[in-house]
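Please open the model in your viewer and keep the sequence beside it. This tour proposes one selection after another and says what is to be found at each stop.

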Amino acid sequence: MKKVIIIVTLFTIVFGIFICTNTVHAAEQAIDQETESKLVEIKEDASKSLQDYQEKYGSDVYGTVAYILNIIRIYSIPFCFLGIAIGAIHRYVVGIRKLDTLEKGLGLIVTFVTILIICQILPLAFAVFVKFGRG
């Protein structure tokens with residue numbers, strides 16, 4: 001009985017993926033021109049933002065580093081929250097039965113909280129260093 005349920009589930013998933021990809025492909029062809037123009041706008045805004053950072057810091061190197069640190073600051077938030085959630089699942093759900101998983105969950109939580117704090121403070125520390133460190 002388990003094998004039948006697994007086979008039916010696999011066929012349903014494969015069929016669903018096939019239907020979804022065909023629908024997405026058809027929709028993608030319909031709005032291809034609008035997408036290209038939006039991508040060009042996003043690229044221009046990103047390069048403009050990089051130029052703004054370079055003008056603000058007065059150097060190409062410092063501006064590029066500040067821009068990269070800002071991107072890391074923004075994208076580290078969802079990444080770290082996902083890691084904290086996985087660690088919490090390991091600690092509080094799976095760790096009830098297995099003690100080694102309990103410790104693994106705690107390690108994941110501590111690691112991702114540390115990474116989150118570092119990624120949020122690093123751009124501030126860089127800005128303070130550039131402002132007061134180079135005179």
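## First stop: a bend in α4

Select helix α4 and look at Ile121, where the helix bends by about 30°, with a proline, Pro123, following within four residues; the bend at a residue is the angle between axes fitted to the seven residues ending there and the seven starting there. Helices (H or I, at least four residues) and strands (E, at least two) are DSSP runs, numbered from the N terminus. This is a predicted model, in which local features need pLDDT of at least 70 and side-chain atom pairs count only at pLDDT 80 or more, while totals for chains, interfaces and linings use all residues. Residues are numbered from 1 along each chain as its sequence is written, and side-chain values use heavy atoms, with hydrogens and water left out.

Now show the whole of α4, residues 99-133: its 35 residues reach 48 Å from the first C-alpha to the last, close to the 51 Å expected at 1.5 Å a residue, where the expected span is 1.5 Å times one less than the number of residues. Colouring by burial (buried means under 20% relative accessible area, exposed over 50%, partly exposed in between, with a 1.4 Å probe and protein chains only) brings out a set of buried residues in α4, among them Thr101, Ile109, Phe112, Cys119 and Pro123. At the bend, Ile121 counts as partly exposed because its relative accessibility is 48%. Ile117, also found in α4, has 46% relative accessibility and therefore counts as partly exposed.

## Second stop: across to α3

From Ile121, select Arg73, which is 48 residues away in sequence and 8.4 Å away in space, C-alpha to C-alpha. From Ile117, go to Ser76: these two are 41 residues apart in sequence, and 9.6 Å separate them in space, C-alpha to C-alpha. Ser76 deserves a pause, since a kink of about 35° lies there in α3, shortly before the proline Pro78. Ser76 is also one of the buried residues of α3, which include Gly63, Tyr67, Asn70, Cys80 and Gly87.

How far apart are the end C-alpha atoms of α3? They are 49 Å apart, which agrees with the 51 Å that its 35 residues should span at 1.5 Å a residue. Next pick Ile71, found in α3, which counts as partly exposed because its relative accessibility is 30%. The C-alpha atoms of Ile71 and Cys119 are separated by 9.9 Å, although their positions lie 48 residues apart along the chain.

## Third stop: the aromatic rings

A search of the whole structure finds four aromatic pairs; rings of Phe, Tyr and Trp (its six-membered ring) pair if their centres lie within 6.5 Å, and planes under 30 degrees apart count as stacked, over 60 as edge-to-face and the rest as tilted. Select Tyr62 and Phe126, whose rings form an edge-to-face pair, 6.1 Å centre to centre with 65° between the planes. Tyr62 lies in helix α3 (residues 60-94) and Phe126 in helix α4, so the pair ties together parts that are 64 residues apart in sequence. Are these two residues buried or partly exposed? Tyr62, at 26% relative accessibility, counts as partly exposed, whereas Phe126, at 15%, counts as buried.

Add Tyr57 to the selection, for ring pairs link Tyr57, Tyr62 and Phe126 into a cluster. Tyr57 lies in helix α2 (residues 32-57) and, at 12% relative accessibility, counts as buried. Tyr57 and Ala127 are 70 residues apart in sequence, yet 8.9 Å apart in space, C-alpha to C-alpha.

## Last stop: the whole chain

Finally, zoom out to the full protein, which has four helices and zero strands. Colour it by pLDDT, the predictor's confidence in each residue, from 0 to 100: the mean is 80, and 75% of the residues reach 70 or more. Among the elements, helix α1 (residues 2-30) has the lowest mean pLDDT, 63, and α3 the highest, 90. Buried residues make up 17% of the 135 residues in the protein.
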